[in-house]
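Work through the exercises below with the model open. Each task is followed by a solution in steps.

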Amino acid sequence: MGKIRKLTVLSTEISVVEGINSDDFICLTDMVKASEDDGRAADIIKNWIRNRATIEFLGAWESLYNPKFKVVEFDHFRKSAGLPTFTMSVANWVESTGAIGIYSKSGRYGGTYAHKDIAFEFGAAISPMFKLYLIKDYQRLKEEESNPALLQWHAKRFLSKANYAIHTDAIQMQLKHLGYKKAKEILVYAQEADMLNVVVFGCTAKEWESKNPQLARKRFNIRETASVAQLLVLSNLETINAEFIKKGISRSERFRALLKIAEEQLETLKKREIDSQFRKQFPENNVGKLLNGNDIVNRHNGMEQ
């Protein structure tokens, strides 16, 4: 299974995975949760796939995109579809015809997945409105993924995560030297991450979540909503803090030093209007909606203990 992304259609979270030839497959099982009878997801999909119109649509799709599609077996199903005795399942359809447009899997992220073309067709079985919203949200997802601004955004986010690995390695080395247990390690990691959050954003991760419940419910976090300037400074500070830790500098001293560095770097980037330049270079991007330009405010004395 390829990378997994999420759509939220009418308050229903739906998995989208990368399949054959990088085509997207959408989870029909997740889609069923938007119906009034989501407890019978398997039955809803079975009833849909045994419908004559569905069989004809699936056959047309496979004939167009699948050179190994077994047309003879498909014709047999098409003639039988609609009869009271006709039954069909996804597994039976795939095994009999060699279909590639729909499949079922068990285990983690299990369920029935279908190529986006087929998933859109299935959307109508839930409701015409749901189908339209599904297409709209999927188009939005693809536009965001192809947006060069978002590619740069994710590159900066990746850089921040890579620097964080350097940061945690330095902490781990120090912990081994001190002989801390696993639970203590987790606590220290969280403290160090939140120290940097306070230095750059002016609050801890939990404080941000309490102030931004809607974004938190959508699985955004304090760093996902950072401005370009904040991400750049955060990446710098993670590397600097790692070196401070290796040198055995106390936490209170590191906090004061990092705070000063952050203020200087953010001021420099502010003068250069880095966020405005980013928006001008990519006027169509959606990232601008998340740039919050937080100043370093509401410092917490507890970080200097």
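**Exercise 1. A charged pair**

Are Arg-5 and Asp-24 buried or exposed? Find how they interact, and place the pair in the fold.

Solution. The model is a predicted one.

Step 1. Check the accessibility. Arg-5 is buried, and Asp-24 is buried too. For Asp-24 the relative accessibility is 3%, and the cut-off for buried is under 20%, so Asp-24 counts as buried.

Step 2. Look at the side chains. Arg-5 and Asp-24 form a salt bridge, with 3.0 Å between the closest N and O atoms.

Step 3. Place the partners. Arg-5 belongs to strand E1 (residues 4-9), and Asp-24 to strand E3 (residues 24-27). The two residues are 19 apart in sequence, so the salt bridge ties together separate parts of the chain.

**Exercise 2. Extending the network**

Which residues are linked with Asp-24 in a network of salt bridges?

Solution.

Step 1. Search around Asp-24. Lys-142 meets Asp-24 in a salt bridge, at 3.1 Å from N to O.

Step 2. Locate both ends. Lys-142 sits in helix H7 (residues 128-145) and Asp-24 in strand E3. They are 118 residues apart, and the pair links distant parts of the chain.

Step 3. Compare the cover. Lys-142 has a relative accessible area of 30% and is partly exposed, whereas Asp-24 is buried.

Step 4. Join the pairs. Arg-5, Asp-24 and Lys-142 make up a network of salt bridges. The structure holds 8 salt bridges.

**Exercise 3. A salt bridge inside a helix**

How many residues apart are Lys-246 and Glu-243, and in which helix do they lie?

Solution.

Step 1. Find the helix. Both residues lie in H12 (residues 228-246).

Step 2. Count the spacing. They are 3 residues apart, about one turn of the helix.

Step 3. Check the contact. Their side chains meet in a salt bridge of 3.6 Å, N to O.

Step 4. Check the exposure. Lys-246 is partly exposed at 47%, and Glu-243 is partly exposed at 37%.

**Exercise 4. The two faces of E1**

Which residues of E1 are on the covered face, and which are on the uncovered one?

Solution.

Step 1. Recall the pattern. In a regular strand, side chains alternate between the two faces of the sheet.

Step 2. Sort the residues. Arg-5, Leu-7 and Val-9 form the covered face of E1. Ile-4, Lys-6 and Thr-8 form the uncovered face.

Step 3. Find the partner strand. E1 runs antiparallel to E2 (residues 12-18), and 6 bridges join them. Lys-6 stands opposite Ser-15 of E2.

Step 4. Inspect the turn. E1 and E2 make a hairpin with 2 residues between them. Leu-10, in the turn, has a positive phi of about 50°.

**Exercise 5. A buried threonine**

Which polar contacts does the side chain of Thr-97 make?

Solution.

Step 1. Place the residue. Thr-97 is in helix H5 (residues 90-97). Its relative accessible area is 0%, so Thr-97 is buried.

Step 2. List the polar contacts. The side chain of Thr-97 reaches the backbone oxygen of Trp-93 at 2.6 Å. A polar atom of that side chain also lies 3.3 Å from the backbone nitrogen of Ala-99.

Step 3. Look beyond the neighbours in sequence. Leaving out residues up to four places away, Thr-97 touches Lys-68, Phe-69, Lys-70, Glu-73, Phe-74 and Phe-77.

Definitions and conventions. Residues are numbered from 1 along each chain as its sequence is written. This is a predicted model: local features need pLDDT of at least 70, side-chain atom pairs count only at pLDDT 80 or more; totals for chains, interfaces and linings use all residues. Side-chain values use heavy atoms; hydrogens and water are left out. Helices (H or I, at least four residues) and strands (E, at least two) are DSSP runs, numbered from the N terminus. Buried means under 20% relative accessible area, exposed over 50%, partly exposed in between (1.4 Å probe, protein chains only). A polar contact is a pair of N or O atoms within 3.5 Å; within protein, one must be able to donate a hydrogen and the other to accept it, and residues adjacent in sequence count only if both atoms are side-chain atoms. Contact means heavy atoms within 4.5 Å. A salt bridge is a side-chain nitrogen of Lys or Arg within 4 Å of a carboxyl oxygen of Asp or Glu. Two strands pair if DSSP finds at least two bridges between them.
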